[in-house]
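Me: I am new to this structure and would like to understand how its descriptions are justified. Could we go through some of them slowly?

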Amino acid sequence: MPPKWKVLADEIAALINSGEYPPGFRLPKIEDLAAAGKGSKTTVHSAYKALEAGGLVTSSRGHGTVVRERTALSTGTEREQRSKVTGSSCRAGERSDSHMAGIISAPADVAEALSIAPGDLVLRRSRTYRDEHTNSVISHSTSWIPAVFAEELPELAMGKRLSGGTSIDLITHHTGRPVAHRFSAMWARITTPADAATLEIPEDTQAAVIVLTARIVDTSGMTIEYGVDIGGPGRRWTKEEVTE
């Protein structure tokens with residue numbers, strides 16, 4: 001059985017990762033949690049120290065223990081542009097894992113985006129972006145690609161990180177047709193059980209998640225990719241613009 005401080009730390013971490021304790025939230029005072037029966041002051045102090053070591057909270061004299069600001073979300077377009085410059089779609093402080101790929105029947109929304117019939121075969125690629133410090137999920141990203149490209153570019157159908165740039169880079173290089181349009185959308189919704197599974201949070205989480213979509217169209221008018229990113233609770237999308 002794990003020590004009491006770890007049980008408490010895991011309990012608080014779950015509240016932070018679910019978004020119930022958002023960035024900037026001040027955790028209860030150590031003596032208050034001890035009085036509430038969560039353990040001795042030493043137990044609570046150890047739990048808070050573990051959370052701080054894990055990067056979930058910061059502690060300072062006069063301010064108490066506060067939930068850290070979380071790594072921001074990136075749009076698919078931002079990841080593509082970052083890949084061209086740095087060779088990686090990850091921003092500083094994050095990494096990707098759980099790369100998967102396979103040919104499946106297209107769901108209705110994907111079929112509409114790709115201008116194919118529901119049930120037609122489509123290539124699905126997915127990956128998870130994590131905070132390097134806390135290992136928590138920043139977002140889960142899925143790329144839906146016409147199945148023809150899985151035949152012409154076998155690397156796309158392999159469940160691993162691509163070595164020759166993004167999937168869009170590989171497709172445009174193969175066809176010789178550059179991207180002409182990017183249609184993006186963003187909205188918030190309450191977490192679904194499917195979201196919870198991919199974001200690694202409790203299934204009964206009732207918190208808002210951000211959905212980012214991007215439909216990529218080449219110069220022939222063909223949609224070569226439809227991307228869907230689900231951002232974890234408490235994450236936010238930010239954009240910096242340089243003006244002169």
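Reply: What follows takes a few descriptions of this predicted model and sets each against its cut-off.

Me: Why is Asp-97 called buried?

Reply: Asp-97 has a relative accessible area of 18%, and since buried means under 20%, the residue is called buried because its value falls under that cut-off.

Me: What makes the link between Asp-97 and Arg-95 a polar contact?

Reply: The side chains of Asp-97 and Arg-95 are joined at 2.9 Å, which is within the 3.5 Å allowed for a pair of N or O atoms. Leaving aside neighbours within four places in sequence, Asp-97 is also in contact with Arg-127, Thr-128 and Arg-130.

Me: Where does Asp-97 sit, and what makes its strand an edge strand?

Reply: Asp-97 lies in strand S3, which covers residues 94-105. This strand belongs to an open sheet of six strands, ordered S3-S4-S5-S8-S7-S6 with antiparallel pairing; S3 and S6 (179-190) are the edge strands, as each pairs on one side only. From one strand to the next, the twist averages 15°.

Me: How do you know that S6 and S7 pair?

Reply: Pairing asks for at least two bridges, and S6 and S7 (residues 208-218) have 11 in the antiparallel sense, so the two strands count as paired. In S7, Arg-215 stands opposite Phe-183.

Me: Which strands does helix H4 lie across?

Reply: Helix H4 (residues 76-86) lies across S3, S4, S5, S6 and S8, and runs at about 130° to S6. Helix H7 (residues 167-175), for its part, lies across S5, S6, S7 and S8, running at about 175° to S8.

Conventions. Residues are numbered from 1 along each chain as its sequence is written. This is a predicted model: local features need pLDDT of at least 70, side-chain atom pairs count only at pLDDT 80 or more; totals for chains, interfaces and linings use all residues. Side-chain values use heavy atoms; hydrogens and water are left out. Helices (H or I, at least four residues) and strands (E, at least two) are DSSP runs, numbered from the N terminus. Buried means under 20% relative accessible area, exposed over 50%, partly exposed in between (1.4 Å probe, protein chains only). A polar contact is a pair of N or O atoms within 3.5 Å; within protein, one must be able to donate a hydrogen and the other to accept it, and residues adjacent in sequence count only if both atoms are side-chain atoms. Contact means heavy atoms within 4.5 Å. Axes are lines fitted to C-alpha atoms, for helices over the stretch in contact, and angles run from 0 to 180 degrees between N-to-C directions.
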